[in-house]
Structures are given as structure tokens and as C-alpha cells.
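This report goes through one protein chain, part by part. Please keep the sequence and the structure in view while reading.

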Amino acid sequence: MWRLLFRWPEGLALRYDGPMIRDATPLDAPALAALYNPYIFETDISFEEKPLSDGEMAHRMAGVQAHYPWLVCEEEGVLLGYAYATRWKERHAYRYCAETCIYLRQDAGGRGVGSRLYDALLPRLPAAGVQIAIGCIALPNEGSVALHEKFGFEKVGHFPAVGFKFNRWIDMGYWQKKL
């Protein structure tokens, strides 16, 4: 995002601040679905197998935002990624835990977008009553593991062959961080 710093008689002085993090709105649903659906079709990162419509994405966002933040990272009007937290499990005893999720455009990796999203998301979770953040990672996924560990998540579990997609079994790892 370009920001006006000051005006010179011969022109403007501008500064580029890079991607902006903000709360998601219902208007983001089409871009969010477009970003997420390739994860369904092309990767085993998501265990879903059917694409999400714009309406379904908007419905999911509304459900999450009733309790937790859902953030997007955009640059010059293009959505680069999103992050949110959601209830870990339904039982009341788990009420202080939340699962965190981050999804990036395929071409946005390695640009610090995931870090910017976690920098914004994690500090907001205690206000929502979250004391433990949990990252669930389909393995192998070196990038996601590195991101979580960079933010102080520690591996606490590994479930071999619990998911089945693309005619193969997939492991699931769990990382957690006390906030």
C-alpha cells in the first residue's frame, strides 16, 4: 500500500508499506473461496474434498467471527492470505483452546505473509478467552512447521495415517502455544 508522506513542489513523496492486515468482511468471501479451493483440489493440506462456494465461505466466516478473529492480508486490493482461530473442540472443558489456521495464495509463500498474519492474530486471541493456540498440520509440510515453531509453537502430537486423500494416507501433527 502506497502512503503519501508529504508534498514537494515538484511532486509527491510516497512510501510503500507492503501488505495490509485487516479484519475479513463478507465482501472477502469470493476471494477467500478462490484462495482456499486450490488447497482442496491440489493438496492434502486441507482434508476437504469438495469446493466451497462463496456463500459457504461467508457462512463459515460469520460463524468464526462471532467468537474469534478472522484476518486477511491484502496488497493493492489482492488477497494474499488469511488467518483465523476457531473452537478446538465442542466440550466446555476445551473453552480456553483454539485452533489457528493460515492459508496463503500459492504465489505468496516466502514473502512473510504468514508471519504478518500470525503477528496480528495471536495477540488478539487472549481477548477472546484463548489461552492455548493449537496448530494442526498435515504432514509433511516444512513451511507450516517452520512458521509455527518460529512463533513458539511446540510439537505435542503426531497421528500417523489418520487422513486419506488422493489415494494415500496422511499424517497429522499438532503444535501448541501457551498465550
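In this predicted model, the face of helix α4 turned away from its buried side carries the exposed residues E142, G143 and K150. Helix α4 itself covers residues 142-150, and its buried residues are S144, V145, L147 and H148. Why do these buried residues lie on the same side of α4? They cover an arc of only 165° around the axis, and this places them on the same side of the helix.

The buried residues of α4 pack against four elements: β6 (97-104), α3 (113-121), β7 (132-139) and β9 (168-178). Just after the helix comes G152, which takes a positive phi of about 90°.

Helix α3, one of the partners of α4, includes S115 and V113. S115 is buried because its relative accessible area is 13%, and the cut-off for buried is under 20%. Leaving aside neighbours within four places in sequence, S115 is in contact with L147, K150 and F151. Among these contacts, L147 is one of the buried residues of α4, whereas K150 is on the exposed face of that helix.

V113 has a relative accessibility of 1%, so it counts as buried too. Not counting residues up to four places away in sequence, V113 touches C73, L80, G81, L104 and A108. In sequence, V113 and E74 are 39 residues apart; in space, their C-alpha atoms are 9.3 Å apart.

The other helix pair to look at is α1 and α2. Helix α1 spans residues 29-42 and helix α2 spans residues 54-65; their axes are 8 Å apart and meet at an angle of about 105°. Angles of 65 to 115 degrees count as roughly perpendicular, and therefore α1 and α2 are described as roughly perpendicular to each other. By class, the contact of α1 with α2 has 8 nonpolar residues, 2 charged residues and no polar residues. On the α1 side the residues are A29, P30, L32, A33 and Y36, and these meet D54, M57, A58, R60 and M61 in α2.

Next come the cysteines. How many disulfides does the count come to? The count comes to 0 disulfides. The table lists two cysteines that are in no disulfide, each with its nearest cysteine sulfur.

| Cysteine | Nearest cysteine sulfur | Distance |
|---|---|---|
| C97 | C136 | 11 Å |
| C136 | C101 | 7.2 Å |

A disulfide requires two cysteine sulfur atoms within 2.5 Å, so neither of the listed distances, 11 Å for C97 and 7.2 Å for C136, qualifies. C97 is buried, with a relative accessible area of 16%. C136 has a relative accessibility of 24% and counts as partly exposed.

Last is the protein as a whole. The secondary structure comes to 4 helices and 9 strands, and along the sequence these follow the pattern β-β-β-α-α-β-β-β-α-β-α-β-β. Taken along the principal axes, the C-alpha atoms fill a box of roughly 65 × 35 × 30 Å. The protein has 179 residues, of which 41% count as buried. Among contacts between residues at least 6 apart in sequence, 59% join residues at least 24 apart.

How values were computed
Residues numbered from 1 in each chain as written. Predicted model: local features only at pLDDT ≥ 70, side-chain atom pairs only at ≥ 80, totals over all residues. Heavy atoms only, no water. Buried < 20%, exposed > 50% of the residue type's maximum accessible area, 1.4 Å probe, protein only. Helix = DSSP H or I, 4+ residues; strand = E, 2+ residues; numbered from the N terminus. Arc of directions from axis to C-beta. Contact = heavy atoms within 4.5 Å. Axes fitted to C-alpha atoms, helices over the stretch in contact; angles between N-to-C directions. Parallel < 35°, antiparallel > 145°, perpendicular 65-115°, else oblique. Nonpolar A, V, L, I, M, F, W, Y, C, P; charged D, E, K, R; others polar.
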